[in-house]
Amino acid sequence: MTQDELKKAVGQAAVDYIAPKLQRDSIIGVGTGSTANCFIDALGKLKDDFEGAVASSDASAERLQKLGITVYDLNEVSELLVYVDGADESNAQLELIKGGGAALTREKIVTAVSREFVCIADESKWVDVLGAFPLPVEVIPMARSYVARELVKLGGDPVYRTGVVTDNGNVILDVHHLEIMEPKKLEAEINQIAGVVTNGLFARRGADVLLLGTAEGVKTIK
Ligand code: 5RP
């Protein structure tokens, strides 16, 4: 199977996973990226079975609306039944690196409001140790150079993602060459740097379930 076929398979698997939990008044969280797009496309068939969605990016909101799914502002909603999103890396503890699509801050907020986080990924995202994928850090623009110097002190090699402005008006530093042995600790340390909005480690609140697309089929890892 190609990577695109694996992404479609996990998108459909996520729809199958959440379908029995949906009620007419349920609002769900929907993530960002090519794997999340496969989920959105498969979700269209269920659009009359739930109330609506909160999206973690403007791009996903637009894709949902095109399918006739109502998109809510998160401030109108107190709890989300479930959040479905992709990842750039996952380890066996379901600690993740996210933010390859620059939506990490909204993704972390939507995760926080969700009862359950269902991560969907093809097997290329499965790693023993997080950090081969450069860790995205969303930064207030005026703090970019300062934050980069602080990230060097933590052992990383930050690279400014040129030409990218997040949905929140900020910039991204991608931190290369980190071998992340203690994801929860590093997540907290980076978030303490003045000017950091958030970083792409989802370890303190990782995924609850991973639907991993493999050549042998979709594996459910909890
Ligand atoms: C966006 C994300 C995505 O979930 C992550 O980058 C994976 O993307 P894709 O499914 O396209 O590989 O965190 O900010």
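**Chat about Leu154, Glu107 and two positive phi values**

Me: Which residues does leucine 154 touch, leaving out those up to four places away in sequence?

Reply: Leucine 154 touches Leu178, Leu186, Glu189, Ile190 and Ile193 once those up to four places away in sequence are set aside. Contact here means heavy atoms within 4.5 Å. This is a predicted model, where local features need pLDDT of at least 70, side-chain atom pairs count only at pLDDT 80 or more, and totals for chains, interfaces and linings use all residues. Residues are numbered from 1 along each chain as its sequence is written, and side-chain values use heavy atoms, with hydrogens and water left out.

Me: Where does leucine 154 sit?

Reply: Leucine 154 is in the loop between α5 (144–153) and β8 (157–160). Helices (H or I, at least four residues) and strands (E, at least two) are DSSP runs, numbered from the N terminus.

Me: How accessible is leucine 154?

Reply: Leucine 154 counts as partly exposed because its relative accessibility is 33%. Buried is under 20% relative accessible area, exposed is over 50%, and partly exposed is in between (1.4 Å probe, protein chains only).

Me: And how far apart are leucine 154 and leucine 64?

Reply: Leucine 154 and leucine 64 are 39 Å apart in space, C-alpha to C-alpha, with their positions 90 residues apart in sequence.

Me: New topic: what does UniProt list for "active site"?

Reply: The UniProt record, an unreviewed entry, lists Glu107 under that name. UniProt annotations may be inferred rather than shown by experiment; positions follow the numbering used here, and feature names are shortened.

Me: Which helix holds glutamate 107, then?

Reply: Glutamate 107 belongs to helix α4 (residues 104–113).

Me: Is glutamate 107 buried or exposed?

Reply: Buried: glutamate 107 has a relative accessibility of 3%, so it falls in that class.

Me: What does glutamate 107 touch, not counting residues up to four places away in sequence?

Reply: With those left out, glutamate 107 touches Thr32, Ser56, Tyr83, Asp85, Lys98, Gly99 and Phe202.

Me: Now backbone angles: what is phi of alanine 102?

Reply: Phi of alanine 102 is near 70 degrees, which is positive in a residue other than glycine. Most residues other than glycine have a negative phi. Alanine 102 lies in the loop between β5 (96–97) and α4, and alanine 102 counts as buried because its relative accessible area is 12%.

Me: What about phi of histidine 177?

Reply: Histidine 177 is not a glycine, yet its phi is positive at about 60 degrees. You'll find histidine 177 in the loop between β9 (171–176) and α6 (183–191).

Me: Buried or exposed, that histidine 177?

Reply: Histidine 177 has 62% relative accessibility, so it counts as exposed.
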